[in-house]
Amino acid sequence: MEDIFVVYCSDSPEGRCRFHQHRHWKARFRMSAILRELLRVSEKAANIARACRQQEALFQLLIEEKKEGEKNKKFAVDFKTLADVLVQEVIKQNMENKFPGLGKNILGEESNEFTNDLGEKIILRLCPTEEETVELLSKVLNGNKLASEALAKVVHQDVTFTDPTLDSIEISIPQDILGIWVDPIDSTYQYIKGSADIKSNQGIFPSGLQCVTILIGVYDLQTGVPLMGVINQPFVSQDLNTLRWKGQCYWGLSYMDTNIHSLQRLDSTRKNSEARSQMTENTSSEAERSHPFSAVISTSEKDTIKAALSRVCGERIFRAAGAGYKSLCVVQGLVDIYIFSEDTTFKWDSCAAHAILRAMGGGMVDLRECLQRNSEMGLDLPQLVYHVENEGAAGVDRWANKGGLIAYRSRKQLETFLSLLIQNLAPVDTCT
């Protein structure tokens with residue numbers, strides 16, 4: 001109906017104006033309402049992730065993934081993939097139900113289509129009733145009714161999530177400019193392995209369930225700029241009596257002149273602390289000033305980057321699993337920088353944290369372009385964008401962060417860090 005209306009009004013500027021006003025009136029939403037729903041569905045997704053580890057019928061399926069040759073004989077799908085897809089579809093369909101038309105702009109890593117050896121296809125969608133979801137899941141899980149019922153129950157369980165800070169957000173946004181990237185379960189290896197007894201190093205977990213995150217990032221379809229982000233960490237602390245896990249959720253919004261995030265109060269305390277540190281900086285020893293930065297990296301980081309970082313950060317280099325978790329370490333202020341020189345992170349890995357960091361005054365940039373950039377020419381930092389495919393790439397590589405990335409909280413800190421990094425890098429292309 002809207003397309004017909006556009007053609008009909010195309011000869012009349014006044015008519016066009018009326019149409020656009022009408023369309024935007026219909027399709028504008030309060031950003032607080034969208035963000036509140038994103039938080040709610042992320043918590044529902046976290047409940048599914050926790051249920052798959054805590055409910056016996058589901059846990060048995062999950063640990064089977066550690067064994068070779070025991071995948072479902074009927075449908076070519078492992079349970080980890082099913083959990084991923086289910087989380088993704090819950091997010092997608094809950095958002096579509098609340099904001100009609102938004103679902104088509106929600107993209108993720110997983111396909112929701114399963115095929116068996118007979119060529120039969122099942123498209124996994126969230127059914128209207130729990131009973132229908134049980135029936136659909138039973139087909140994918142080769143008739144395992146116990147697991148299907150346990151999974152359907154948590155999928156249809158209602159979740160409430162409130163954050164009073166959201167009430168202060170008054171701005172609205174046209175719905176038709178919003179795209180959403182979803183990573184349903186980031187760090188799936190740690191999720192399946194399920195280590196619960198890993199000790200942190202200065203608050204940073206090198207591995208374990210704490211490294212698992214659910215990532216939802218909202219971006220502008222026209223500019224690719226990240227606008228809203230939600231990072232849900234389902235496994236933060238475990239009750240040693242019940243063995244049940246509690247999680248934590250982080251969010252941020254950056255749109256026009258509005259920048260707000262869930263760590264606002266903690267951030268102001270931290271800034272006061274940083275100001276006090278700045279006042280005493282001149283009294284610090286030369287050794288303390290020589291390594292002013294901390295960084296989190298992947299265990300697979302290149303030797304050239306690690307060598308340069310050791311000269312810039314000294315011993316303040318931490319290794320951790322999961323792109324989402326490493327980005328979260330920067331959001332939390334546990335480290336100054338997350339740097340990764342490979343091209344194996346994707347838009348769904350980075351969009352959520354990028355939006356939160358933007359709300360904090362930071363961001364996420366292309367590492368390769370930063371190393372090639374001449375800062376003296378006043379060139380803008382090459383921020384990652386989320387709306388354009390990589391030219392000539394196929395499959396998931398279309399959405400890879402091809403030049404690597406750096407996540408940061410402060411532009412001033414980033415500029416200083418980059419200057420030191422470039423000085424300490426061997427004269428080779430670090431991102432080939």
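Is E149 buried, partly exposed or exposed? The relative accessible area of E149 is 35%, so this residue counts as partly exposed. The points below concern a predicted model.

1. **The pair in helix α7.** E149 forms a salt bridge with K145, and the closest N and O atoms of the two are 3.9 Å apart. Both residues belong to helix α7, where they stand four residues apart and are therefore separated by about one helical turn. K145 has a relative accessibility of 52% and counts as exposed, since the exposed class begins over 50%.

2. **The pair in helix α11.** A salt bridge also links K306 with D303, with 3.6 Å between the closest N and O atoms. These two residues are three apart in helix α11, which spans residues 303–313, so about one helical turn separates them. D303 is exposed at 60% relative accessibility, whereas K306, at 24%, is partly exposed.

3. **A pair that joins distant parts of the chain.** In the whole structure, a search finds nine salt bridges. One of them brings together the side chains of D158 and R40, at 3.5 Å from N to O. D158 lies in the loop between α7 (145–156) and β5 (172–174), while R40 is in helix α3; the pair therefore ties together parts that are 118 residues apart in sequence. The two partners differ in their surroundings: D158 is exposed at 64% relative accessibility, and R40 is buried at 16%, because the limit for a buried residue is under 20%. In general, side chains of opposite charge can pair when their charged atoms come close.

4. **Another charged residue of helix α3.** K44 is also found in helix α3. Is K44 buried or exposed? With a relative accessibility of 7%, K44 counts as buried. In sequence, K44 and V155 are 111 residues apart, yet their C-alpha atoms are 7.4 Å apart in space.

5. **The nonpolar cores.** The largest nonpolar core of the model contains 65 residues, and I34, L38 and L151 have the most contacts inside it. Which element gives this core its largest share? Helix α3, residues 31–54, does so with 12 residues. Another core, of 37 residues, lies apart from the largest one and includes A320, C351, M360 and L405. As a general point, nonpolar side chains tend to be buried together in soluble globular proteins.

6. **Helix α6 and its charged patch.** Which residues gather in a patch of negative charge on the surface? They are E130, E131, E132 and E135. E135 is placed in helix α6, which covers residues 130–140. At a relative accessible area of 52%, E135 is exposed. The helix also has buried residues, namely T133, V134, L136, L137, S138 and V140. Just after α6, N142 adopts a positive phi of about 55 degrees.

7. **Places to examine in the model.** A reader new to the structure may begin with helix α3, which holds the buried K44 and supplies 12 residues to the largest nonpolar core. R40, in the same helix, leads on to D158 through their salt bridge. Helix α6 may follow, with the exposed E135 and buried residues such as V134 and L137.

Definitions and conventions:
Residues numbered from 1 in each chain as written. Predicted model: local features only at pLDDT ≥ 70, side-chain atom pairs only at ≥ 80, totals over all residues. Heavy atoms only, no water. Patch = residues over 30% accessible without salt bridge, like charges linked within 9 Å, V, L, I, M, F, W, Y side chains within 5 Å. Areas by Shrake-Rupley, 256 points an atom, 1.4 Å probe, with all protein chains shown as cover. Salt bridge = Lys/Arg side-chain N within 4 Å of Asp/Glu carboxyl O. Lys, Arg positive; Asp, Glu negative; His and termini not counted. Charge placed at Lys NZ, Arg CZ, Asp CG, Glu CD. Buried < 20%, exposed > 50% of the residue type's maximum accessible area, 1.4 Å probe, protein only. Core = buried A, V, L, I, M, F, W, Y, C linked by side-chain atoms within 4.5 Å.
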